[in-house]
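This report sets out selected features of the structure shown below. It begins with the salt bridges and then turns to other aspects of the chains.

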Amino acid sequence: MTFPQLLRRGVAAGAIAGALAAVYLLLLVEPLIEKALVIEEAREHGHSHGHEEELVSRLGQVLGAIGTLAVVGIIFGIVLAVVFAASRDRLPVVHDHGRSALLAGIGFVVFALLPAIKLPANPPGVGDPDSVDQRTVIYLALIVLGIALAVAALSLDRTLAGHGLTGPVRSTLLIGGSVLVAAVVLVLLPASQDAVADDIPAALLWEFRLASLGQLAVLWAALGLTFGVLVSRLPAARDAELVAR
Amino acid sequence: MANAVAVSTPAVRVPAWAWLLVAVALFAWYVISQDNGAVLGAAAGFLHEVTHDARHALGVPCH
């Protein structure tokens, strides 16, 4: 198992994950974006200034979203491949598809779930442009803290394993501890001050946030499972499993 | 059945350029999903519109 082999599989798994996320987007997210855009449109008609020239057409935005998801999938596929290669011999999982699933699961929590709890996704028409820099800083800070927490938990796992604690005990302690630390971080970080406009129905907001989280779950699950399958078919991985038996 | 944990998994040698690749990939992710003009300046407007739906769908701070 060489690094270029892993990298190619990471890119392939990322492209597949991005494509599946794009299908999810077209079926479940775009209808909600369209609803929100209608509300935004109605708001603009209420004002005196005329309609502004669109920089990119609606079709362009939908196609752009598909392309963006493909690129984001490939980006996280590359990152997954490198982290997998670097940590493969140290992760507390026996099989390569388990390692891939563990890393992708951590990726989902760190890059999607933690930020989504603090700053839930919003449809167009929600969000104060003036606070976007502040929200971006909170978002990125959560990701950095999440990575630090995951690295700390995994290295603590090895230390505890050295002291003879069994896998179930270690995972219970470390997952529980990580959730506790993450909860404290989430409470301490400042929240977004943005108010949601009155013309956005609560149901639309709720459905959009669920759909967004679902899309991210599809992206990361597809990435972790596809990469795991592709990597498990490599000869070296099978050798290792034979040795493990 | 042998104790599987006791079997060591061989490490994969990761070249230094791989970490550079990760840095470039994460920077690209920042630019397409997060940047609102801080890095790209004027070009951010067009990129923002192209990636607009995906940004909302991915739940990143948009506007």
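## Salt bridges

In this predicted model, nine salt bridges are counted over all chains. One of them pairs D199(A) with R43(A), whose closest N and O atoms are 2.8 Å apart. D199(A) belongs to the loop between α5 (167–188) and α6 of chain A, whereas R43(A) belongs to helix α1 (residues 3–46) of chain A, so the bridge ties together parts that lie 156 residues apart in sequence. Both partners are partly exposed: the relative accessible area of D199(A) is 35%, and that of R43(A) is 28%.

A second bridge joins D96(A) to R88(A), again with 2.8 Å between the closest N and O atoms. Here the partners are buried, D96(A) having a relative accessible area of 3% and R88(A) one of 2%. A further bridge is formed by the side chains of R170(A) and D157(A), with an N to O distance of 2.9 Å. This pair links distant parts of the chain, with R170(A) in helix α5 of chain A and D157(A) in helix α4 (residues 132–162) of chain A, 13 residues apart. R170(A) counts as buried at 12% relative accessibility, and D157(A) is likewise buried, at 8%. In addition, salt bridges with shared partners join E30(A), E34(A), R58(A) and D53(B) into one network.

## The cavity and its lining

How many cavities of 30 Å³ or more are there? The count comes to one, and the volume of the largest cavity is about 80 Å³. From chain A, its lining includes V72(A), F76(A), F111(A), Y139(A), L216(A), L219(A) and W220(A); chain B supplies W29(B), S33(B), L58(B) and V60(B). The elements that give two or more residues to this lining are α2 (58–87) and α6 (202–232) of chain A, together with α1 (16–33) of chain B.

Helix α6(A) provides the largest share of the lining, with three residues. In character, the lining of the largest cavity comprises ten nonpolar residues, one polar residue and no charged residues.

## Buried residues in contact with chain B

Two residues of chain A illustrate contacts that reach chain B. S212(A) lies in helix α6 of chain A and is buried, with a relative accessible area of 2%. Apart from its neighbours within four places in sequence, S212(A) is in contact with A121(A) and with H56(B), A57(B), L58(B) and G59(B). Of these contacts, L58(B) is also one of the residues that line the largest cavity.

V56(A) is located in the loop between α1 and α2 of chain A. V56(A) is buried as well, with a relative accessible area of 9%. When neighbours within four places in sequence are left aside, the contacts of V56(A) are Q61(A) in its own chain and F46(B), E49(B) and V50(B) in chain B.

## Architecture of chain A

Chain A contains seven helices and zero strands, and from the N terminus on its elements run α-α-α-α-α-α-α. Of its 245 residues, 42% are buried.

Among contacts in chain A between residues at least 6 apart in sequence, 84% join residues at least 24 apart. The D199(A)–R43(A) salt bridge described above ties together parts of chain A that are 156 residues apart in sequence.

## Confidence in chain B

The mean pLDDT of chain B is 81, and 79% of its residues score at least 70. Which element of chain B has the lowest mean pLDDT, and which the highest? Helix α2 (residues 44–50) of chain B has the lowest, at 84, while α1(B) has the highest, at 94. Helix α1(B) is also one of the elements that give two or more residues to the lining of the largest cavity.

Over residues 1–6 of chain B, the pLDDT is below 50. Beyond near neighbours in sequence, this stretch has four contacts in the model.

Methods. Residues numbered from 1 in each chain as written. Chains lettered and ligands numbered in written order. Heavy atoms only, no water. 1 Å grid on protein atoms, 1.4 Å probe; cavity = no way out; pocket = protein on both sides within 12 Å on 5 of 7 lines; lining within 4 Å. Points joined across faces, edges and corners; volume = space filled by probe spheres on them. Helix = DSSP H or I, 4+ residues; strand = E, 2+ residues; numbered from the N terminus. Nonpolar A, V, L, I, M, F, W, Y, C, P; charged D, E, K, R; others polar. Salt bridge = Lys/Arg side-chain N within 4 Å of Asp/Glu carboxyl O. Buried < 20%, exposed > 50% of the residue type's maximum accessible area, 1.4 Å probe, protein only. pLDDT = per-residue confidence, 0-100. Contact = heavy atoms within 4.5 Å.
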